[in-house]
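This report concerns one helix and the aromatic contacts of a single structure, which is shown below.

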Amino acid sequence: MDKDRKFPGHPVLSQILELIPTGLIQSANRKHQANRYYKRLPLRIHLVSLLYGVFSYCNGLREICEGMLACEGKLAHLGLDKAPARSTLSDANTNRKYLVFETIYYGLLKKYNSFISDSRLKGLSIRNLKIIDSTTISLFSEILQGVGRNRLDGSRKKGGIKVHTLMDAFSGVTEFVRITPAQEHDRKFLYHLKLKEGSWIVFDKAYNTYHHFAKWTAQKVWFVSRMKDNAVFHVTKVLVDKTKKKQAIGVIKEQYITVGIKTNGTVTERLKLRRVIYKAKDGKRYIYITNDFTLPASKIATIYKNRWMIELLFKQIKQNFPLRYFWGESDNAIKMQVYCVLIAQLLMVVIRKKAATKKSFANMITVIRLHLMSYVDLLEFIKDTYKAWRKTHNASFAFST
């Protein structure tokens, strides 16, 4: 072989998998005894197989197994002797607890969180900002209760899962996840959160509950949300009022208010909050509430604007990874697939940061999917696809104009 043709020793998928420490997989295996009750498919091989399915966007177990079968000459680089059988993979998705994949995800998050965090988030003068929201993934399934009214034509309702998410705004990845049937109300997610003193949290009106507002205030956890249209409150002080000025934009009203906290239907205490009305350039008005009384009102509006980041996260996950069809009909298999998607998304964020690329997330994942088993240097390939390919294959590309 020509010495100028420098082939990396591993295909792209193998280079991605190298970001997952072997010790982390072994630790998760010991914690959940993942190989004790299902030995036909060891945990590492199971994880590799599912991540192959995620990155290659397989819509079913048959696609995963047949796709890996076509790559058998390269499977040794992934630590596999042969492609798993569809029945073996199906049984593992049902029998092995999804919690082991959850443990692997949080282990990766702990390892890479400081590396992927961006301390220069535009417009923010605070630290430790978290964003809460949920996204619903619909599917036809008997295992998850259908959502909404019964269908008039007698057909089945679409079942679904709801992925409740706590996102770290500075890293762009999920910090805490809870997966429930789609009909569960968003507010219940708040009972599962553990927030450090000094944290900031942003969410929409669906999460408004004054009991939690009082609890966070006592814990010195600061929040920004939009106020419900039917909220009952008392104004105690008006700081700014530009509502009569037709041309005014930005913060047009700032007030101190109190809201009633009820116990058994009776108001037992009142909580002091700050109410900010913000008028955008398009004329729309937004009403924010917060328990912080120190930051300028304009900063409160800026903090809430960053809530859109979690919508981008959901868009990344839904559009670039296989969640339209599920690789099993059990609750365990569905949750396992969701955590594998989250692992893949986290690894992509790490790779994007390592490559220092300006490629969009969608473009990056598409390039990786098309060259998943190619022998090219991953980081160089992400940064400059054509240059890396020419370097590896000693090829030249001619473009006509």
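What covers the buried residues of α6? In this predicted model, the cover includes α2 (22-32), α3 (43-55), β3 (173-181) and α10 (331-355). The buried residues of α6 are V100, F101, E102, T103, I104, Y105, G107, L108, L109, Y112 and I116. Helix α6 itself runs over residues 99-116, and its 18 residues reach 24 Å from the first C-alpha to the last, close to the 26 Å expected at 1.5 Å a residue. A kink of about 40° is centred on K110 in α6.

Aromatic contacts form a second theme, and a search of the whole structure finds 15 aromatic pairs. Two of them are set out here, with values for ring centres and planes.

| Pair | Centre to centre | Angle between planes | Class |
|---|---|---|---|
| F176 and F189 | 5.7 Å | 20° | stacked |
| W216 and F223 | 6.1 Å | 50° | tilted |

The pair of F176 and F189 links distant parts of the chain, since F176 belongs to strand β3 whereas F189 lies in the loop between β3 and β4 (200-203), 13 residues apart. F176 is partly exposed, with a relative accessible area of 25%, while F189 is buried at 0%. In the tilted pair, W216 counts as buried at 3% relative accessibility, and F223 is buried with a relative accessible area of 0%. W216 and F223 also belong to one aromatic cluster, together with F203, Y207, Y210 and F213.

Lysines lie over ring faces as well: K272 over F293, at 5.5 Å from the ring centre, and K353 over F115, at 5.3 Å from the ring centre.

Terms used
Residues are numbered from 1 along each chain as its sequence is written. This is a predicted model: local features need pLDDT of at least 70, side-chain atom pairs count only at pLDDT 80 or more; totals for chains, interfaces and linings use all residues. Side-chain values use heavy atoms; hydrogens and water are left out. Helices (H or I, at least four residues) and strands (E, at least two) are DSSP runs, numbered from the N terminus. The expected span of a helix is 1.5 Å times one less than its number of residues. The bend at a residue is the angle between axes fitted to the seven residues ending there and the seven starting there. Buried means under 20% relative accessible area, exposed over 50%, partly exposed in between (1.4 Å probe, protein chains only). Contact means heavy atoms within 4.5 Å. Rings of Phe, Tyr and Trp (its six-membered ring) pair if their centres lie within 6.5 Å; planes under 30 degrees apart count as stacked, over 60 as edge-to-face and the rest as tilted. A charge sits over a ring if NZ of Lys or CZ of Arg is within 6 Å of the ring centre and within 35 degrees of the ring normal.
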